[in-house]
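Hi,

Here is the model I said I would pass on. Have a look at it first, and then read on for what turned up.

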Amino acid sequence: RWPAWAARLCGVLLLVRASCDPLLEALRDQGGGMGPGALLNALLLLAALRFALLRPQPLAAVVLPMWTPFLLAGLASVAIAPDASGALRLLLVQASYCAAFALPFWLIRTGQDRLRWLRLLLCSSLLPVGWGIVELALNGGAERLQATFSHPNIFAFYLLLMLALILYLQSAAPSRLLWAYLPLLLTLLICTRTRSAWAGCLLLFALYGLLADRRLLLPVLLAPALLVLNDDVRARLTDIAAGAYDNEGQLNSYAWRVLLWRAGLRWMDGQHWLYGYGLEAFRDYSPRFFPLPGQDSWDPHNVYIQLYFETGLIGLAAYGWLFLRLLPRLWRVAPSWPAAVIALAMVLAYLLTSWSDNMLYYLSFNWYFWFFVGSAAVREA
């Protein structure tokens with residue numbers, strides 16, 4: 001039966017997607033075009049479509065009121081984008097995030113269903129974490145860890161989500177094995193050297209410790225002091241704290257980002273503030289407002305600047321509407337107080353890290369993030 005096959009398909013996709021980037025990159029380089037990653041996107045969208053045709057009520061009642069303005073703004077911007085094919089690809093990627101959010105509303109009906117699917121998400125981390133351990137052993141921490149992902153930042157945000165997932169599962173079904181897994185994930189997260197993920201992790205544990213389990217408050221307060229004893233961590237933090245320039249007289253990464261954002265916003269004319277220049281336009285137009293030798297284009301490194309530049313105030317407001325609808329629902333339908341705190345804290349961490357990273361491009365991470373958030377937003381039968 002199609003529903004059973006669709007559920008199994010979702011399970012397989014979620015179990016393996018975190019480990020697929022090296023293979024997908026290799027196949028795409030050989031074959032060109034959109035690559036096999038587009039096929040995985042299509043399969044997820046197909047599964048969501050099948051469930052929607054079978055039982056449209058959750059889609060109409062919960063998902064569409066949240067996501068429709070954002071997806072429509074993206075669809076409208078495809079028509080004015082300088083690269084229509086690239087814009088369409090990004091729109092389909094964003095549609096897959098919506099599908100990942102929607103799937104739990106069909107797959108989860110009871111608390112046991114929720115635990116089963118969230119445990120499957122956690123199982124997806126076994127290969128990436130194992131790869132990260134081997135990577136750490138081989139380079140001794142001299143390089144940033146990225147495991148099975150295409151960039152260390154993506155691995156870092158994925159680890160942050162797995163930490164939130166452990167806390168969520170512990171609030172429903174405590175396990176000593178999960179507590180033992182948590183320090184390993186934290187160690188790998190530190191070795192990614194992704195500062196925004198560190199900030200998101202601190203926010204997650206601080207809110208959880210303050211509002212749900214005060215036993216974690218002391219470790220959260222002590223952690224920053226202990227971490228600065230590590231040379232790599234201290235170097236990454238002092239790079240930002242020292243000002244715009246590092247010890248070699250070069251712009252640090254955040255100061256460089258600010259310069260890029262200001263250049264893009266100043267370049268925009270008064271006719272595009274409402275609807276933007278089209279999806280993927282920031283990359284296409286960046287050589288015009290931020291010309292530097294040796295680079296053809298620049299990623300925005302800021303979701304809010306990207307949405308304003310590409311979809312204008314309309315798209316940015318639609319994105320805000322999505323979260324304004326989401327956050328109260330997470331609070332209302334949570335099975336317990338700790339679960340509500342964890343889900344809300346993870347969403348806030350996502351919004352925080354979106355200020356300095358290309359979160360909309362991190363497809364595999366977003367699948368897991370939005371499935372987790374969708375699972376937390378399902379009301380138990």
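To start with a small puzzle: is Ala 147 buried or exposed? Ala 147 is buried, at a relative accessible area of 5%. Do keep in mind throughout that this is a predicted model.

I picked out Ala 147 for its backbone. Its phi is positive, about 55 degrees, although the residue is not a glycine. As you know, most residues other than glycine have a negative phi. Ala 147 sits in the loop that runs between α8 (126-139) and α9 (152-172).

Arg 193 belongs in the same paragraph of your notes. Its phi is near 60 degrees, again a positive value in a residue other than glycine. You will find Arg 193 in the loop between α10 (176-192) and α11 (195-211). Arg 193 counts as buried, with 15% relative accessibility, because the cut-off for buried is under 20%.

Next, the cavity. The structure holds one cavity of 30 Å³ or more, and about 40 Å³ of space lies in the largest cavity. Its lining is made up of Trp 67, Phe 70, Tyr 97, Tyr 319, Tyr 350, Leu 360, Asn 366 and Trp 370. By class, that is seven nonpolar residues, one polar and no charged ones. Which helices each supply at least two residues of the lining? They are α4 (57-78) and α18 (363-376).

That brings me to α4, which is worth a look in its own right. α4 bends by about 60 degrees at Leu 64, and Pro 65 follows within four residues. The buried residues of α4 are Pro 58, Val 62, Val 63, Met 66, Trp 67, Phe 70, Leu 71, Ala 73, Gly 74, Ser 77 and Val 78. Two residues of the cavity lining, Trp 67 and Phe 70, are among these buried residues. The helices that the buried residues of α4 pack against are α5 (84-102), α6 (104-107), α16 (303-333) and α18.

Now over to α5, where I looked at two residues. Arg 89 lies in helix α5 and is partly exposed, at 37% relative accessibility. Leu 90 is in helix α5 as well, but Leu 90 counts as buried, at 4% relative accessibility. Each has a partner 190 residues away along the chain: the C-alpha atoms of Arg 89 and Leu 279 are separated by 9.4 Å, and those of Leu 90 and Glu 280 by 7.4 Å. What is Leu 90 in contact with, leaving aside its neighbours within four places in sequence? The list is Leu 279, Glu 280, Gln 306, Glu 310, Leu 360 and Tyr 361. Leu 360, you may recall, also lines the largest cavity.

On cysteines, how many disulfides does a search of the whole structure find? Zero. Why is Cys 10 not bonded to the closest cysteine sulfur? That sulfur, in Cys 98, is 13 Å from the sulfur of Cys 10, so the two are too far apart for a bond; a disulfide needs the sulfur atoms within 2.5 Å. Seen from the other side, Cys 98 is in no disulfide either, with the sulfur of Cys 10 as its nearest cysteine sulfur. Both cysteines are buried: Cys 10 has a relative accessible area of 0%, and Cys 98 is at 9%.

Two last residues, for when you have the model open. Thr 353 is in helix α17 (residues 337-353). Thr 353 is buried, with a relative accessible area of 2%. Leaving aside its neighbours within four places in sequence, Thr 353 is in contact with Phe 157, Ser 196, Ala 197 and Met 359.

Ala 223, in helix α12 (residues 217-227), is partly exposed instead, with a relative accessible area of 28%. Ala 223 and Leu 202 are 21 residues apart in sequence, and their C-alpha atoms are 8.8 Å apart in space.

Cheers

Methods
Residues are numbered from 1 along each chain as its sequence is written. This is a predicted model: local features need pLDDT of at least 70, side-chain atom pairs count only at pLDDT 80 or more; totals for chains, interfaces and linings use all residues. Side-chain values use heavy atoms; hydrogens and water are left out. On a 1 Å grid over the protein atoms alone, a cavity is a set of points where a 1.4 Å probe fits but cannot get out, and a pocket is an open set with protein on both sides within 12 Å along at least five of seven lines; lining residues have an atom within 4 Å of a point. Grid points are joined across faces, edges and corners, and a volume is the space filled by probe spheres set on the points. Ala, Val, Leu, Ile, Met, Phe, Trp, Tyr, Cys and Pro count as nonpolar, Asp, Glu, Lys and Arg as charged, and the others, Gly among them, as polar. Buried means under 20% relative accessible area, exposed over 50%, partly exposed in between (1.4 Å probe, protein chains only). The bend at a residue is the angle between axes fitted to the seven residues ending there and the seven starting there. Contact means heavy atoms within 4.5 Å.
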